[in-house]
Amino acid sequence: MTVVDDAGTAAPARRHAVLGVTGVVTLLGSLDAYVIVTLLNPITDELGIPLNHLERATAIVTAYLLGYVAAMPLLGQTADRFGPRRVLQCCLVVFAVGSALTASAHSLPLLVAGRLVQGAAAGGLLPVSLALTARLFHGRARPVALGSVGAAQELGSVLGPLYGAGVAALTGWRGVFWVNVPLVLAAAAVTRFTVPASTVPAEAAPESGDHAGKPRTDLVGGLLLAAALALLVAALDNQDPQRSVLPSWGPPMLLGSAVALAVFVLWERRSQVRLLDTGRIRRRPFAAATAISFCAGVALLVTLVDGELVAQSLLGESSVGGALLLMWFLTALPAGAVLGGLAGRRLGHSVVAGVGMTVAAGGYALIAAWPLAALTAHLGPLPMVQTDLVIVGLGLGLVIAPTAGAVLDATDPAQHTTASASVVIARTVGMLVGVAALSAWGLHRFRTLTAHLNMPIPGTAGFAQAWPTYQHALHMALHTEYSDIFRATAVVCALGAVCALGLAGPSSDEPVR
(Lines give C-alpha, C1' and ligand atoms only; values in the text may rest on other atoms or scores of the structure.)
Protein backbone atom coordinates (compact mmCIF):
# COMPACT_ATOMS: atom_id res chain seq x y z
CA MET A 1 0.00 0.00 0.00
CA THR A 2 1.24 3.48 -0.79
CA VAL A 3 1.01 6.57 1.34
CA VAL A 4 -2.04 8.76 0.81
CA ASP A 5 -1.35 12.48 0.69
CA ASP A 6 -3.73 15.40 1.17
CA ALA A 7 -5.18 15.03 -2.28
CA GLY A 8 -5.55 11.28 -1.96
CA THR A 9 -2.83 10.57 -4.54
CA ALA A 10 0.03 8.14 -4.14
CA ALA A 11 3.28 9.57 -2.86
CA PRO A 12 5.74 6.70 -2.28
CA ALA A 13 8.76 9.04 -2.72
CA ARG A 14 8.05 10.57 0.69
CA ARG A 15 8.90 7.42 2.61
CA HIS A 16 12.56 8.01 3.34
CA ALA A 17 12.05 11.71 4.02
CA VAL A 18 9.35 10.84 6.55
CA LEU A 19 11.59 8.19 8.11
CA GLY A 20 14.30 10.82 8.61
CA VAL A 21 11.84 13.29 10.15
CA THR A 22 10.33 10.72 12.51
CA GLY A 23 13.82 9.61 13.52
CA VAL A 24 14.78 13.18 14.43
CA VAL A 25 11.49 13.75 16.25
CA THR A 26 11.93 10.53 18.23
CA LEU A 27 15.51 11.48 19.10
CA LEU A 28 14.42 14.92 20.35
CA GLY A 29 11.91 13.36 22.74
CA SER A 30 14.37 10.71 23.89
CA LEU A 31 17.17 13.23 24.53
CA ASP A 32 15.16 15.10 27.11
CA ALA A 33 14.34 11.91 28.98
CA TYR A 34 18.05 11.41 29.67
CA VAL A 35 19.46 14.94 29.47
CA ILE A 36 18.39 15.62 33.06
CA VAL A 37 20.97 13.14 34.39
CA THR A 38 23.86 15.61 34.08
CA LEU A 39 21.78 18.67 35.00
CA LEU A 40 20.47 17.70 38.45
CA ASN A 41 23.40 19.15 40.39
CA PRO A 42 23.32 22.66 38.83
CA ILE A 43 19.51 22.69 39.01
CA THR A 44 19.41 21.79 42.71
CA ASP A 45 22.15 24.34 43.44
CA GLU A 46 20.28 27.18 41.72
CA LEU A 47 16.90 26.27 43.20
CA GLY A 48 18.40 26.08 46.68
CA ILE A 49 17.55 22.43 47.36
CA PRO A 50 19.75 21.43 50.35
CA LEU A 51 22.04 18.44 50.17
CA ASN A 52 20.12 16.66 52.94
CA HIS A 53 16.88 16.92 50.95
CA LEU A 54 18.01 15.92 47.47
CA GLU A 55 15.12 13.43 47.32
CA ARG A 56 12.93 16.42 46.40
CA ALA A 57 14.77 16.62 43.09
CA THR A 58 13.63 13.15 42.01
CA ALA A 59 10.29 14.68 41.00
CA ILE A 60 12.18 16.45 38.18
CA VAL A 61 13.00 13.03 36.72
CA THR A 62 9.77 11.17 37.49
CA ALA A 63 7.50 14.01 36.28
CA TYR A 64 8.73 13.52 32.71
CA LEU A 65 8.18 9.77 32.92
CA LEU A 66 4.77 10.29 34.52
CA GLY A 67 3.56 12.54 31.71
CA TYR A 68 5.14 10.26 29.11
CA VAL A 69 3.33 7.12 30.26
CA ALA A 70 0.02 8.72 31.22
CA ALA A 71 -0.55 10.61 27.96
CA MET A 72 0.62 7.91 25.56
CA PRO A 73 -2.53 5.73 25.26
CA LEU A 74 -4.85 8.65 24.53
CA LEU A 75 -2.39 10.30 22.15
CA GLY A 76 -2.08 7.00 20.30
CA GLN A 77 -5.79 6.78 19.60
CA THR A 78 -5.97 10.50 18.84
CA ALA A 79 -3.37 9.97 16.10
CA ASP A 80 -5.37 7.05 14.72
CA ARG A 81 -8.38 9.40 14.46
CA PHE A 82 -6.88 12.69 13.29
CA GLY A 83 -3.81 11.46 11.44
CA PRO A 84 -0.09 11.43 12.30
CA ARG A 85 0.75 14.90 10.98
CA ARG A 86 -1.63 16.82 13.23
CA VAL A 87 -0.70 14.87 16.35
CA LEU A 88 3.04 15.14 15.70
CA GLN A 89 2.76 18.88 15.15
CA CYS A 90 0.63 19.38 18.27
CA CYS A 91 2.98 17.25 20.38
CA LEU A 92 6.00 19.21 19.15
CA VAL A 93 4.36 22.57 19.88
CA VAL A 94 3.33 21.44 23.37
CA PHE A 95 6.86 20.07 23.88
CA ALA A 96 8.20 23.53 23.05
CA VAL A 97 5.81 25.06 25.60
CA GLY A 98 6.95 22.58 28.24
CA SER A 99 10.59 23.29 27.42
CA ALA A 100 10.05 27.03 27.76
CA LEU A 101 8.25 26.54 31.08
CA THR A 102 11.11 24.36 32.36
CA ALA A 103 13.78 26.80 31.19
CA SER A 104 12.09 29.83 32.80
CA ALA A 105 11.11 28.13 36.07
CA HIS A 106 12.52 29.66 39.26
CA SER A 107 10.81 27.28 41.67
CA LEU A 108 10.67 23.52 41.95
CA PRO A 109 6.88 23.21 41.37
CA LEU A 110 7.10 25.17 38.10
CA LEU A 111 10.10 23.15 36.98
CA VAL A 112 8.31 19.87 37.72
CA ALA A 113 5.22 21.17 35.87
CA GLY A 114 7.37 21.97 32.85
CA ARG A 115 8.87 18.50 32.85
CA LEU A 116 5.39 17.00 33.16
CA VAL A 117 4.21 18.93 30.08
CA GLN A 118 7.34 17.89 28.18
CA GLY A 119 6.80 14.23 29.06
CA ALA A 120 3.12 14.30 28.10
CA ALA A 121 4.00 15.75 24.67
CA ALA A 122 6.85 13.29 24.17
CA GLY A 123 4.43 10.45 24.91
CA GLY A 124 2.96 10.79 21.43
CA LEU A 125 6.19 11.04 19.44
CA LEU A 126 7.47 7.43 19.53
CA PRO A 127 4.19 5.49 18.99
CA VAL A 128 3.09 7.86 16.21
CA SER A 129 6.51 7.50 14.56
CA LEU A 130 6.40 3.69 14.80
CA ALA A 131 2.88 3.47 13.41
CA LEU A 132 3.65 5.92 10.61
CA THR A 133 6.76 3.96 9.68
CA ALA A 134 4.75 0.73 9.60
CA ARG A 135 2.28 2.25 7.15
CA LEU A 136 5.01 3.64 4.90
CA PHE A 137 7.18 0.53 4.69
CA HIS A 138 6.02 -2.99 3.91
CA GLY A 139 7.37 -6.48 3.50
CA ARG A 140 11.09 -6.92 4.10
CA ALA A 141 11.66 -3.15 4.31
CA ARG A 142 9.44 -2.70 7.38
CA PRO A 143 11.70 -4.35 10.04
CA VAL A 144 14.68 -2.24 8.91
CA ALA A 145 12.63 0.96 9.11
CA LEU A 146 11.23 0.09 12.54
CA GLY A 147 14.73 -0.76 13.72
CA SER A 148 15.93 2.67 12.56
CA VAL A 149 13.21 4.45 14.58
CA GLY A 150 14.02 2.25 17.59
CA ALA A 151 17.71 3.08 17.17
CA ALA A 152 16.89 6.80 17.22
CA GLN A 153 15.00 6.28 20.48
CA GLU A 154 17.90 4.39 22.07
CA LEU A 155 20.44 6.87 20.73
CA GLY A 156 18.85 9.43 23.04
CA SER A 157 20.04 7.44 26.05
CA VAL A 158 23.59 7.57 24.69
CA LEU A 159 23.69 11.21 23.63
CA GLY A 160 21.33 12.68 26.25
CA PRO A 161 23.74 13.02 29.20
CA LEU A 162 26.63 14.12 26.95
CA TYR A 163 24.43 16.57 25.04
CA GLY A 164 23.10 18.03 28.30
CA ALA A 165 26.58 18.45 29.77
CA GLY A 166 27.92 20.04 26.58
CA VAL A 167 25.12 22.58 26.09
CA ALA A 168 25.01 23.38 29.82
CA ALA A 169 28.74 24.12 29.78
CA LEU A 170 28.11 26.81 27.15
CA THR A 171 24.74 28.23 28.16
CA GLY A 172 23.93 26.92 31.64
CA TRP A 173 21.28 24.30 32.39
CA ARG A 174 18.44 26.59 31.28
CA GLY A 175 19.96 26.84 27.82
CA VAL A 176 19.50 23.10 27.33
CA PHE A 177 15.72 23.59 27.44
CA TRP A 178 15.66 26.93 25.59
CA VAL A 179 17.48 25.28 22.67
CA ASN A 180 14.58 22.82 22.41
CA VAL A 181 12.15 25.57 21.42
CA PRO A 182 13.55 26.46 17.96
CA LEU A 183 14.52 22.84 17.31
CA VAL A 184 11.07 21.35 17.88
CA LEU A 185 9.25 24.23 16.20
CA ALA A 186 11.46 23.73 13.14
CA ALA A 187 10.65 20.01 13.25
CA ALA A 188 6.93 20.84 13.46
CA ALA A 189 7.24 23.00 10.36
CA VAL A 190 9.11 20.29 8.45
CA THR A 191 6.41 17.72 9.23
CA ARG A 192 3.92 19.95 7.38
CA PHE A 193 5.73 19.25 4.10
CA THR A 194 6.88 15.66 4.65
CA VAL A 195 4.44 13.76 6.86
CA PRO A 196 1.16 12.73 5.20
CA ALA A 197 -2.09 13.85 6.80
CA SER A 198 -3.33 10.25 6.82
CA THR A 199 -1.90 6.83 6.03
CA VAL A 200 -5.07 4.81 6.56
CA PRO A 201 -7.35 4.57 3.53
CA ALA A 202 -11.07 4.94 4.05
CA GLU A 203 -11.76 1.25 3.49
CA ALA A 204 -9.48 0.35 6.40
CA ALA A 205 -11.43 2.42 8.91
CA PRO A 206 -13.62 0.43 11.29
CA GLU A 207 -17.38 0.60 10.95
CA SER A 208 -17.69 2.10 14.43
CA GLY A 209 -16.14 5.34 13.22
CA ASP A 210 -17.74 8.75 12.96
CA HIS A 211 -19.34 10.37 9.92
CA ALA A 212 -15.97 10.80 8.24
CA GLY A 213 -15.22 7.08 8.56
CA LYS A 214 -12.58 7.64 11.22
CA PRO A 215 -12.45 5.85 14.57
CA ARG A 216 -13.84 7.87 17.46
CA THR A 217 -11.65 8.65 20.45
CA ASP A 218 -12.30 6.79 23.70
CA LEU A 219 -11.68 9.78 25.94
CA VAL A 220 -13.05 8.13 29.10
CA GLY A 221 -11.03 4.95 28.55
CA GLY A 222 -7.89 6.93 27.81
CA LEU A 223 -8.24 9.02 30.95
CA LEU A 224 -8.93 5.95 33.11
CA LEU A 225 -5.87 4.13 31.78
CA ALA A 226 -3.78 7.31 32.13
CA ALA A 227 -4.90 7.59 35.77
CA ALA A 228 -4.02 3.94 36.44
CA LEU A 229 -0.55 4.32 34.92
CA ALA A 230 0.09 7.67 36.61
CA LEU A 231 -0.82 6.27 40.03
CA LEU A 232 1.43 3.26 39.40
CA VAL A 233 4.40 5.47 38.49
CA ALA A 234 3.85 7.64 41.58
CA ALA A 235 3.47 4.58 43.85
CA LEU A 236 6.82 3.16 42.71
CA ASP A 237 8.68 6.47 43.13
CA ASN A 238 10.47 5.41 46.30
CA GLN A 239 12.98 8.03 47.42
CA ASP A 240 14.33 5.91 50.29
CA PRO A 241 14.29 2.21 49.30
CA GLN A 242 16.48 1.26 52.26
CA ARG A 243 13.60 1.80 54.67
CA SER A 244 10.82 0.05 52.76
CA VAL A 245 9.95 -1.47 49.42
CA LEU A 246 7.39 1.28 48.73
CA PRO A 247 7.16 4.90 49.88
CA SER A 248 4.58 5.82 52.52
CA TRP A 249 2.13 6.85 49.83
CA GLY A 250 2.80 3.72 47.78
CA PRO A 251 0.11 1.30 49.08
CA PRO A 252 -2.84 3.70 48.73
CA MET A 253 -1.68 4.76 45.27
CA LEU A 254 -1.27 1.13 44.20
CA LEU A 255 -4.81 0.50 45.40
CA GLY A 256 -6.00 3.54 43.47
CA SER A 257 -4.16 2.29 40.37
CA ALA A 258 -5.83 -1.13 40.68
CA VAL A 259 -9.26 0.47 41.08
CA ALA A 260 -8.72 2.73 38.06
CA LEU A 261 -7.55 -0.27 36.02
CA ALA A 262 -10.60 -2.30 37.06
CA VAL A 263 -12.93 0.54 36.10
CA PHE A 264 -11.07 0.85 32.80
CA VAL A 265 -11.62 -2.86 32.04
CA LEU A 266 -15.33 -2.59 32.87
CA TRP A 267 -15.65 0.51 30.70
CA GLU A 268 -13.89 -1.13 27.76
CA ARG A 269 -16.18 -4.16 27.97
CA ARG A 270 -19.34 -2.04 27.84
CA SER A 271 -18.32 0.92 25.70
CA GLN A 272 -19.10 1.03 21.99
CA VAL A 273 -15.92 3.01 21.40
CA ARG A 274 -12.83 1.30 22.79
CA LEU A 275 -9.28 2.43 23.28
CA LEU A 276 -8.07 -0.76 21.59
CA ASP A 277 -10.61 -3.01 19.87
CA THR A 278 -9.48 -6.53 20.84
CA GLY A 279 -11.85 -7.99 18.27
CA ARG A 280 -9.54 -6.62 15.58
CA ILE A 281 -6.32 -7.98 17.09
CA ARG A 282 -4.48 -11.29 16.84
CA ARG A 283 -4.20 -11.71 20.57
CA ARG A 284 -1.34 -14.21 20.84
CA PRO A 285 1.38 -12.21 19.03
CA PHE A 286 0.10 -8.99 20.59
CA ALA A 287 0.34 -10.41 24.12
CA ALA A 288 3.72 -12.00 23.39
CA ALA A 289 5.18 -8.75 22.04
CA THR A 290 4.03 -6.69 25.03
CA ALA A 291 5.38 -9.35 27.42
CA ILE A 292 8.77 -9.27 25.68
CA SER A 293 8.79 -5.49 25.83
CA PHE A 294 8.02 -5.64 29.57
CA CYS A 295 10.93 -8.06 30.16
CA ALA A 296 13.28 -5.87 28.12
CA GLY A 297 12.23 -2.85 30.19
CA VAL A 298 13.07 -4.68 33.42
CA ALA A 299 16.53 -5.54 32.12
CA LEU A 300 17.19 -2.08 30.70
CA LEU A 301 16.71 -0.08 33.88
CA VAL A 302 18.33 -2.72 36.10
CA THR A 303 21.44 -2.35 33.96
CA LEU A 304 21.42 1.44 34.13
CA VAL A 305 20.88 1.55 37.90
CA ASP A 306 22.87 -1.43 39.16
CA GLY A 307 25.57 -1.13 36.51
CA GLU A 308 26.33 2.36 37.81
CA LEU A 309 26.32 1.09 41.40
CA VAL A 310 28.71 -1.75 40.59
CA ALA A 311 31.06 0.70 38.90
CA GLN A 312 31.13 3.03 41.91
CA SER A 313 31.02 0.55 44.80
CA LEU A 314 33.21 -2.28 43.49
CA LEU A 315 35.22 -0.94 40.57
CA GLY A 316 36.02 2.28 42.41
CA GLU A 317 34.84 4.53 39.57
CA SER A 318 33.49 8.05 40.00
CA SER A 319 29.96 8.87 38.87
CA VAL A 320 31.41 10.10 35.57
CA GLY A 321 33.52 6.96 35.24
CA GLY A 322 30.46 4.82 35.88
CA ALA A 323 28.51 6.70 33.21
CA LEU A 324 31.36 6.23 30.73
CA LEU A 325 31.45 2.52 31.51
CA LEU A 326 27.72 2.23 30.76
CA MET A 327 28.37 3.80 27.37
CA TRP A 328 29.44 0.33 26.20
CA PHE A 329 25.92 -0.87 26.95
CA LEU A 330 24.13 2.24 25.71
CA THR A 331 26.03 2.35 22.42
CA ALA A 332 25.27 -1.32 21.74
CA LEU A 333 21.51 -0.72 22.17
CA PRO A 334 20.92 1.32 18.98
CA ALA A 335 23.37 -0.88 17.08
CA GLY A 336 21.33 -3.91 18.14
CA ALA A 337 18.11 -2.16 17.07
CA VAL A 338 19.43 -1.66 13.54
CA LEU A 339 20.75 -5.25 13.41
CA GLY A 340 17.39 -6.53 14.63
CA GLY A 341 15.65 -4.71 11.81
CA LEU A 342 18.05 -6.09 9.20
CA ALA A 343 17.81 -9.64 10.55
CA GLY A 344 14.03 -9.44 10.72
CA ARG A 345 13.86 -9.16 6.95
CA ARG A 346 15.07 -12.75 6.60
CA LEU A 347 14.39 -14.49 9.89
CA GLY A 348 11.07 -13.05 11.08
CA HIS A 349 9.93 -11.51 14.35
CA SER A 350 9.95 -14.65 16.50
CA VAL A 351 13.49 -15.76 15.69
CA VAL A 352 15.06 -12.32 16.08
CA ALA A 353 13.24 -11.54 19.34
CA GLY A 354 14.03 -14.99 20.72
CA VAL A 355 17.71 -14.68 19.83
CA GLY A 356 17.88 -11.18 21.28
CA MET A 357 16.40 -12.16 24.64
CA THR A 358 18.53 -15.32 24.75
CA VAL A 359 21.69 -13.31 24.06
CA ALA A 360 20.68 -10.83 26.77
CA ALA A 361 20.00 -13.67 29.24
CA GLY A 362 23.44 -15.11 28.54
CA GLY A 363 25.04 -11.70 28.96
CA TYR A 364 23.41 -11.17 32.35
CA ALA A 365 24.52 -14.65 33.44
CA LEU A 366 28.08 -13.63 32.53
CA ILE A 367 27.73 -10.38 34.48
CA ALA A 368 26.42 -12.29 37.51
CA ALA A 369 29.58 -14.41 37.38
CA TRP A 370 32.06 -11.51 37.47
CA PRO A 371 34.67 -12.47 40.10
CA LEU A 372 34.95 -10.18 43.10
CA ALA A 373 38.76 -10.25 43.12
CA ALA A 374 38.96 -8.93 39.56
CA LEU A 375 36.40 -6.19 40.19
CA THR A 376 38.08 -4.84 43.33
CA ALA A 377 41.67 -5.14 42.08
CA HIS A 378 41.40 -1.66 40.46
CA LEU A 379 43.84 -2.58 37.69
CA GLY A 380 42.21 -0.43 35.05
CA PRO A 381 39.51 -1.20 32.47
CA LEU A 382 38.33 -4.80 32.50
CA PRO A 383 37.67 -6.26 29.02
CA MET A 384 35.18 -8.75 30.44
CA VAL A 385 33.05 -5.93 31.87
CA GLN A 386 33.04 -4.00 28.62
CA THR A 387 32.37 -7.10 26.51
CA ASP A 388 29.49 -8.34 28.67
CA LEU A 389 27.84 -4.91 28.67
CA VAL A 390 28.03 -4.89 24.87
CA ILE A 391 26.47 -8.37 24.76
CA VAL A 392 23.43 -7.39 26.84
CA GLY A 393 23.08 -4.11 24.94
CA LEU A 394 23.05 -5.88 21.58
CA GLY A 395 20.62 -8.50 22.89
CA LEU A 396 18.11 -5.97 24.19
CA GLY A 397 18.49 -3.86 21.06
CA LEU A 398 17.67 -6.82 18.82
CA VAL A 399 14.14 -7.13 20.22
CA ILE A 400 13.05 -3.53 19.48
CA ALA A 401 12.11 -3.96 15.81
CA PRO A 402 10.48 -7.42 16.06
CA THR A 403 8.27 -6.49 19.02
CA ALA A 404 7.08 -3.31 17.31
CA GLY A 405 6.62 -5.13 14.02
CA ALA A 406 4.72 -8.05 15.56
CA VAL A 407 2.25 -5.75 17.32
CA LEU A 408 1.64 -3.76 14.14
CA ASP A 409 1.21 -6.92 12.05
CA ALA A 410 -1.32 -8.24 14.57
CA THR A 411 -3.38 -5.05 14.68
CA ASP A 412 -5.89 -3.43 12.37
CA PRO A 413 -4.28 -0.48 10.50
CA ALA A 414 -6.74 1.96 12.07
CA GLN A 415 -5.33 1.09 15.51
CA HIS A 416 -1.61 1.08 14.70
CA THR A 417 -0.63 4.09 16.79
CA THR A 418 -2.56 2.90 19.83
CA ALA A 419 -0.98 -0.55 19.47
CA SER A 420 2.51 0.97 19.19
CA ALA A 421 1.85 2.90 22.38
CA SER A 422 1.06 -0.35 24.19
CA VAL A 423 4.55 -1.71 23.42
CA VAL A 424 6.25 1.43 24.73
CA ILE A 425 4.03 1.47 27.83
CA ALA A 426 4.81 -2.19 28.54
CA ARG A 427 8.54 -1.48 28.42
CA THR A 428 8.22 1.62 30.61
CA VAL A 429 6.14 -0.21 33.21
CA GLY A 430 8.71 -3.03 33.10
CA MET A 431 11.43 -0.49 33.84
CA LEU A 432 9.52 0.86 36.84
CA VAL A 433 8.27 -2.41 38.31
CA GLY A 434 11.48 -4.32 37.63
CA VAL A 435 13.91 -1.88 39.17
CA ALA A 436 11.63 -1.31 42.18
CA ALA A 437 11.19 -5.01 42.87
CA LEU A 438 14.76 -6.13 42.20
CA SER A 439 16.34 -3.18 44.03
CA ALA A 440 14.15 -3.71 47.08
CA TRP A 441 14.99 -7.40 47.10
CA GLY A 442 18.70 -6.62 46.64
CA LEU A 443 18.71 -4.15 49.54
CA HIS A 444 17.01 -6.72 51.77
CA ARG A 445 19.63 -9.28 50.73
CA PHE A 446 22.43 -6.82 51.50
CA ARG A 447 21.04 -6.01 54.96
CA THR A 448 20.77 -9.72 55.71
CA LEU A 449 24.38 -10.34 54.69
CA THR A 450 25.74 -7.41 56.71
CA ALA A 451 23.56 -7.65 59.83
CA HIS A 452 26.38 -9.28 61.81
CA LEU A 453 29.03 -6.73 60.85
CA ASN A 454 30.25 -4.04 63.25
CA MET A 455 31.95 -1.07 61.61
CA PRO A 456 35.35 -0.33 63.18
CA ILE A 457 35.58 3.11 64.74
CA PRO A 458 38.51 5.27 63.59
CA GLY A 459 41.00 6.04 66.34
CA THR A 460 40.25 2.93 68.37
CA ALA A 461 42.70 0.14 69.06
CA GLY A 462 42.97 -2.36 66.23
CA PHE A 463 41.23 -0.12 63.70
CA ALA A 464 44.04 -0.46 61.12
CA GLN A 465 43.75 -4.26 61.22
CA ALA A 466 39.94 -4.45 61.38
CA TRP A 467 39.13 -1.95 58.62
CA PRO A 468 40.41 -4.03 55.62
CA THR A 469 38.51 -7.06 56.91
CA TYR A 470 35.33 -5.01 57.29
CA GLN A 471 35.72 -3.51 53.80
CA HIS A 472 36.22 -6.95 52.29
CA ALA A 473 33.08 -8.23 54.01
CA LEU A 474 31.11 -5.27 52.65
CA HIS A 475 32.45 -5.90 49.15
CA MET A 476 31.46 -9.56 49.41
CA ALA A 477 27.94 -8.60 50.46
CA LEU A 478 27.64 -6.07 47.63
CA HIS A 479 28.98 -8.58 45.14
CA THR A 480 26.43 -11.17 46.28
CA GLU A 481 23.62 -8.62 46.07
CA TYR A 482 24.49 -7.50 42.55
CA SER A 483 25.14 -11.05 41.35
CA ASP A 484 21.70 -12.13 42.56
CA ILE A 485 20.04 -9.15 40.88
CA PHE A 486 21.75 -9.80 37.53
CA ARG A 487 21.03 -13.53 37.84
CA ALA A 488 17.35 -12.71 38.35
CA THR A 489 17.51 -10.38 35.35
CA ALA A 490 18.90 -13.26 33.27
CA VAL A 491 15.85 -15.30 34.27
CA VAL A 492 13.53 -12.45 33.24
CA CYS A 493 15.23 -12.30 29.82
CA ALA A 494 14.94 -16.08 29.47
CA LEU A 495 11.20 -15.74 30.11
CA GLY A 496 11.15 -13.10 27.37
CA ALA A 497 12.83 -15.56 25.01
CA VAL A 498 10.08 -18.11 25.76
CA CYS A 499 7.44 -15.44 25.08
CA ALA A 500 9.04 -14.93 21.65
CA LEU A 501 7.60 -18.29 20.62
CA GLY A 502 4.19 -16.59 20.65
CA LEU A 503 5.26 -14.37 17.76
CA ALA A 504 5.69 -17.34 15.41
CA GLY A 505 3.18 -18.79 12.98
CA PRO A 506 -0.44 -17.96 12.37
CA SER A 507 -2.80 -17.32 15.24
CA SER A 508 -6.23 -18.84 15.63
CA ASP A 509 -7.72 -15.49 16.49
CA GLU A 510 -7.16 -13.53 13.30
CA PRO A 511 -8.24 -9.86 13.44
CA VAL A 512 -11.66 -9.00 12.14
CA ARG A 513 -11.51 -7.23 8.78
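Okay, let's start inside the protein: the lining of the largest cavity breaks down into 11 nonpolar residues, 4 polar ones and 2 charged ones. Keep in mind that what we're looking at is a predicted model.

That cavity holds about 240 Å³ of space, and the structure has 3 cavities of 30 Å³ or more. So who sits around the middle of the largest one? Of its 17 lining residues, Glu154, Ser293, Ile400, Val423 and Arg427 are nearest the centre. If you want to find the walls on screen, look for the elements that each give two or more residues to the lining: helix H6 (125-136), helix H7 (141-171), helix H11 (283-313), helix H16 (400-409) and helix H17 (416-450).

Now, on to the aromatics. The structure has 2 aromatic pairs. One of them is Trp173 with Phe177, an edge-to-face pair with 6.3 Å from centre to centre and 75° between the planes. Both sit in helix H8 (residues 173-194), and because they're 4 residues apart there, about one helical turn separates them. Are these two buried or exposed? Trp173 is buried, at 5% relative accessible area, and Phe177 is buried too, at 0%.

Then there's Tyr364 with Phe486: the ring centres are 6.3 Å apart and the planes are at 10°, so this pair counts as stacked. This one links distant parts of the chain, with Tyr364 in helix H13 (residues 349-368) and Phe486 in helix H18 (residues 463-499), 122 residues apart. Tyr364 is buried, with 0% relative accessibility, and Phe486 is buried at 4%.

Key:
Residues are numbered from 1 along each chain as its sequence is written. This is a predicted model: local features need pLDDT of at least 70, side-chain atom pairs count only at pLDDT 80 or more; totals for chains, interfaces and linings use all residues. Side-chain values use heavy atoms; hydrogens and water are left out. Rings of Phe, Tyr and Trp (its six-membered ring) pair if their centres lie within 6.5 Å; planes under 30 degrees apart count as stacked, over 60 as edge-to-face and the rest as tilted. Buried means under 20% relative accessible area, exposed over 50%, partly exposed in between (1.4 Å probe, protein chains only). On a 1 Å grid over the protein atoms alone, a cavity is a set of points where a 1.4 Å probe fits but cannot get out, and a pocket is an open set with protein on both sides within 12 Å along at least five of seven lines; lining residues have an atom within 4 Å of a point. Grid points are joined across faces, edges and corners, and a volume is the space filled by probe spheres set on the points. Ala, Val, Leu, Ile, Met, Phe, Trp, Tyr, Cys and Pro count as nonpolar, Asp, Glu, Lys and Arg as charged, and the others, Gly among them, as polar.
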